[in-house]
Protein chains: 2
Amino acid sequence: MKISSRFAVAVHALLAIYVLGSEYKMTSDFIASSVNVNPVVIRRALLSLKAAGIIGVKAGSGGAMPLMNAENVTLYDVYAAAGCREDNMFNFHDEPNPNCPVGKNIHSVLDPYLETAQAAMENELKKTTFAELIKNLDLLILKLCCNS
Amino acid sequence: MKISSRFAVAVHALLAIYVLGSEYKMTSDFIASSVNVNPVVIRRALLSLKAAGIIGVKAGSGGAMPLMNAENVTLYDVYAAAGCREDNMFNFHDEPNPNCPVGKNIHSVLDPYLETAQAAMENELKKTTFAELIKNLDLLILKLCCNS
DNA sequence: ATAGTTGTAATCGAATCGGTTACAACTATA
DNA sequence: TATAGTTGTAACCGATTCGATTACAACTAT
C-alpha cells in the first residue's frame, strides 16, 4: 500500500508557504489551487503543520506563515506531522501460532530487520531540509524564467 | 498506510518451508496453522513465491519445497514477490497546478528525495538473506528447547 | 476409484483514502 | 457595529484495498 498523498500535499503546501508567503496571502483556497485539491484537504494539512509548530495559521482573517527556519525542518518532520509515520510500517499477521517453532519466534527473528529497513527510509527523510528543497526550487524557477 | 501483511505472511511461510520442510509435508493447511490465517491466504502467498521461482508447489498431491538456496533469497525478493513493492511508494497528488511556480516544479524537486528514501528501505531488505534468518531462527529454537 | 490438495474465482465486511458539502467561530475592515 | 472572507471541524460519499471465507474444478498419489 502506498503512503498517503497527505505527505506530498503537506510538503507542497509548506514549500508554497515558504516560497510565496512573502508575496501572497497563503489562504487554504490559494494553496489548494496550486496543489489542485479541495481546500478542506489543505486546511487539514495546515492543521497538521500547525500542530507540529511548523507554521502558524490565522483564524478568521486567514493566511499561513512559517514559524520555523527552513533549515530546521526536514521532510521527516512533515512526514510525521502529516500523520504518515507508523510505529510499524510493516503490517504483521495477528497471532502466529505459539505452538509452532516458527510461529513462536517469527517476531523475534523478523522484527529487527523490518525496523532497520523502516529506519533507513526515515533517516533519509531526515537528511533533507526545506532549506535545501527551497534552494532547488528557486533554481528551477529561475532557470525556467530565463529560458522562456 | 501500512505495508500489507502479505509480506510478513510470505516470509513466515518461506521460513517454515526452509526449516520444517524436511520434516513435514508443507501443505497450505499446515502452513496456515503456523501463520494462523486462512489456508487460501497461504495458497496465494505460495503462488507468489512460486511465480518468483523461489519455491515449487506440487499440485494435486500437495506440498511446497524450496527451489533456491537460502543464501540467494533476500527479504527484498520476497517483498517484491508478494507484490508489496511499488514503483513509487509515496503517493502524489495527481495534477499540481502547472501555472504555479511551485506546482510546476514540485515533482522535479521532490521526486528524487522520495526515490532515495524508498531505495534506502529496499536496500536494507536486500541485505538480509534467508540463510541469516534461518540461522537466527534455529538459534532461538535451540535456546528455547534447552531452557525449557 | 478415492481422498487430499492446489489453483482460482467470487463475495464479504472493515478500514482508509481523498473529495465534498455544510456551517459555526473568528477576525479584519469598512 | 455590520459585513465579508477565512478557518476549524463534523459529516457523508464513492472508490479502493485489505484479509477472511466459501466454493469448486483440476490434479495426483495411493
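Helices (H or I, at least four residues) and strands (E, at least two) are DSSP runs, numbered from the N terminus. The model is predicted: local features need pLDDT of at least 70, side-chain atom pairs count only at pLDDT 80 or more, and totals for chains, interfaces and linings use all residues. Residues are numbered from 1 along each chain as its sequence is written, while chains are lettered from A and ligands numbered from 1 in the order in which they are written.

**Exercise 1. Describe the fold and the overall dimensions of chain A.**

Step 1. Chain A contains six helices and two strands, arranged along the sequence as α-α-α-β-β-α-α-α.

Step 2. The radius of gyration (taken over C-alpha atoms) is compared with the globule rule, 2.2 Å times the number of residues to the power 0.38. For the 148 residues of chain A the rule gives 15 Å, and the radius of gyration is 20 Å, well over that value, so the chain is more spread out than a compact globule.

Step 3. Along the principal axes, the C-alpha atoms of chain A fill a box of roughly 65 × 35 × 25 Å.

Step 4. A residue is buried if 20 or more other C-beta atoms lie within 10 Å of its own, exposed if 12 or fewer, and partly exposed in between, with C-beta atoms placed from the backbone. Of the 148 residues of chain A, 39% count as buried.

**Exercise 2. State which operation superposes chain B on chain A, and characterise the side of chain B that touches chain A.**

Step 1. Superposition is by least squares on the C-alpha atoms of residues with pLDDT of at least 70 in both copies. A rotation of 180° with 0.0 Å of shift along its axis brings chain B onto chain A, with an RMSD of 0.0 Å. This is the relation of a two-fold axis.

Step 2. In chain B, the C-alpha of B:M121 is nearest the axis, 2.4 Å from it.

Step 3. Two residues are in contact if their C-beta atoms, placed from the backbone, lie within 7 Å. By this criterion, 52 residues of chain B are in contact with 52 residues of chain A.

Step 4. On the side of chain B that touches chain A, α5(B) gives the most, with 16 residues. The residues of this side divide into 32 nonpolar, 16 polar and four charged. Here Ala, Val, Leu, Ile, Met, Phe, Trp, Tyr, Cys and Pro count as nonpolar, Asp, Glu, Lys and Arg as charged, and the others, Gly among them, as polar.

**Exercise 3. Determine how the buried residues of helix α2 of chain B are arranged, and what covers them.**

Step 1. In α2(B), residues 28-35, the buried residues are B:S28, B:I31, B:A32, B:S34 and B:V35. Seen down the helix axis, they fall within an arc of 160° and so line one face of the helix; the arc is that of the directions from the axis to the C-beta atoms.

Step 2. Their cover includes α5 (101-127) of chain A, along with α1 (6-20) and α3 (39-51) of chain B.

Step 3. B:I31 has 28 other C-beta atoms within 10 Å. Leaving aside neighbours within four places in sequence, B:I31 is in contact with B:A13, B:A16, B:M26 and B:I42.

Step 4. B:N36 follows α2(B) and has a positive phi, near 70°.

**Exercise 4. Identify which residues come nearest DNA strand D, and give the classes of the surface near the strand.**

Step 1. A residue is near a strand if its C-beta atom, placed from the backbone, lies within 6 Å of it. Of the 26 residues around DNA strand D, A:G62, B:S5, B:V40, B:G60 and B:S61 come nearest.

Step 2. α3(A) gives the most to this surface, with six residues.

Step 3. The surface near DNA strand D has 10 nonpolar, 11 polar and five charged residues.
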